[in-house]
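Work through the exercises below with the sequence and the model open. Try each task before reading its solution.

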Amino acid sequence: MTLEICVKAAAGAPEILGDCPFCHRVLLTLEEKKIPYKLHLVNLSDKPQWFLDISPEGKVPVVKFDDKWVPDSEVIVGILEKFPEPSLITPPEFASVGSKIFPTFFKFVKSKDSNDGSEQALLEELKALNEHLEKNGGLFIAGEKITAVDLSLAPKLYHLKIALGHFKKWSVPESLTHVHSYIKATFGRESFEKTKAAEQYVIAGWEPKVNA
């Protein structure tokens, strides 16, 4: 069975995979579970009618399960767990690790005031992730095995790395060695290489948000 999935096309390049971290999360899950899928790239700045017919709110990702199109990456990855091997279920005690990194990054990358505390807030969240990884002793958040929480966080760290490097000339401090090891381990997976958006399209995707 081949699943159909609609994802964001790159800004200005509708035939190329775009920069949505939530689409990336679902694609990573499909790849890690080795589930065959057919990709539909959607130009979100000029949404075609066929797409609005299946996703009235105009949001991606959406995946077709049993003739029904289902939105929301959280819901989608939950349904994908019915494909049992390999299990990607995150133990409940680790499910929220790193969950505040993306919103604090979002505030910092948009910030025009260097004294608004947004950089420090992001640093605190990255330090918390570093401490968790150090204490837990594994390569990934739940240990030595990659799980759903990693497949959610890694695309967001990819956006963080590219967008802050480009717009702020900022990078994750070298002192956060466990975060760097985590980034290397997740970004280096075959599934990640295969499903990541090119850096130029991540930058293009963030440009209007940063300059808003």
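The exercises that follow concern a predicted model and cover annotated domains, a helix pair, enclosed and open spaces, and backbone geometry.

**Exercise 1. The annotated domains**

Task: Find which residues UniProt assigns to "domain: GST N-terminal" and to "domain: GST C-terminal", and describe the secondary structure of each range.

Solution:
- Step 1. In the UniProt record, an unreviewed entry, "domain: GST N-terminal" covers residues 10-88.
- Step 2. Across residues 10-88, helix makes up 33% of the chain and strand 25%. The C-alpha atoms at the two ends are 28 Å apart.
- Step 3. The UniProt record, again an unreviewed entry, lists residues 66-212 for "domain: GST C-terminal".
- Step 4. Across residues 66-212, the chain is 59% helix and 3% strand, with the end C-alpha atoms 40 Å apart.

**Exercise 2. A pair of helices**

Task: State how helix 5 and helix 7 are oriented to each other, and list the residues that meet.

Solution:
- Step 1. Locate helix 5 at residues 118-136 and helix 7 at residues 177-187.
- Step 2. Their axes come within 7 Å and cross at roughly 80 degrees.
- Step 3. Angles of 65 to 115 degrees count as roughly perpendicular. Helix 5 and helix 7 are therefore roughly perpendicular to each other.
- Step 4. From helix 5, the contact takes in Leu 126, Leu 129, Asn 130, Leu 133 and Glu 134. From helix 7, it takes in Thr 177, His 178, Val 179 and Tyr 182.
- Step 5. Sorted by class, the residues of this contact are five nonpolar, three polar and one charged.

**Exercise 3. The cavity**

Task: Give the volume of the largest cavity and say which helix gives the most to its lining.

Solution:
- Step 1. The structure holds one cavity of 30 Å³ or more. The space in the largest cavity is about 70 Å³.
- Step 2. Its lining has 14 residues, and those nearest the centre are Gly 18, Cys 20, His 24, Thr 195 and Ala 197.
- Step 3. Helix 1 (21-32) and helix 6 (148-167) are the elements that give two or more residues to this lining. Helix 1 gives the most, with four residues.
- Step 4. The lining divides into seven nonpolar, four polar and three charged residues.

**Exercise 4. The two largest pockets**

Task: Describe the largest pocket and the second largest pocket by volume and lining.

Solution:
- Step 1. The largest pocket holds about 390 Å³ of space. It is lined by 23 residues, with Arg 25, Glu 74, Ala 148, Val 149 and Ser 152 closest to its centre.
- Step 2. Helix 1, helix 3 (73-80) and helix 6 each give two or more residues to that lining. Helix 6 gives the most, with five residues.
- Step 3. The second largest pocket has a volume of about 320 Å³. Of its 17 lining residues, Cys 20, Pro 21, Phe 22, Val 60 and Lys 209 are closest to the centre.

**Exercise 5. Unusual backbone geometry**

Task: Identify the cis peptide bond before Pro 61, the one before Pro 86, and the phi of Asp 67.

Solution:
- Step 1. Recall the background: most residues other than glycine have a negative phi, and most peptide bonds are trans.
- Step 2. Val 60 and Pro 61 are joined by a cis peptide bond with omega about 0 degrees. Pro 61 sits in the loop between helix 2 (49-54) and strand 4 (62-65).
- Step 3. Glu 85 and Pro 86 are joined by a cis peptide bond with omega about -15 degrees. Pro 86 is in the loop between helix 3 and helix 4.
- Step 4. Asp 67 is not a glycine, yet its phi is positive, about 70 degrees. Asp 67 lies in the loop between strand 4 and strand 5 (68-71).

Definitions and conventions
Residues are numbered from 1 along each chain as its sequence is written. This is a predicted model: local features need pLDDT of at least 70, side-chain atom pairs count only at pLDDT 80 or more; totals for chains, interfaces and linings use all residues. Side-chain values use heavy atoms; hydrogens and water are left out. UniProt positions are given in the numbering used here, feature names are shortened, and annotations may be inferred rather than shown by experiment. Axes are lines fitted to C-alpha atoms, for helices over the stretch in contact, and angles run from 0 to 180 degrees between N-to-C directions. Angles under 35 degrees count as roughly parallel, over 145 as roughly antiparallel, 65 to 115 as roughly perpendicular and the rest as oblique. Contact means heavy atoms within 4.5 Å. Ala, Val, Leu, Ile, Met, Phe, Trp, Tyr, Cys and Pro count as nonpolar, Asp, Glu, Lys and Arg as charged, and the others, Gly among them, as polar. On a 1 Å grid over the protein atoms alone, a cavity is a set of points where a 1.4 Å probe fits but cannot get out, and a pocket is an open set with protein on both sides within 12 Å along at least five of seven lines; lining residues have an atom within 4 Å of a point. Grid points are joined across faces, edges and corners, and a volume is the space filled by probe spheres set on the points.
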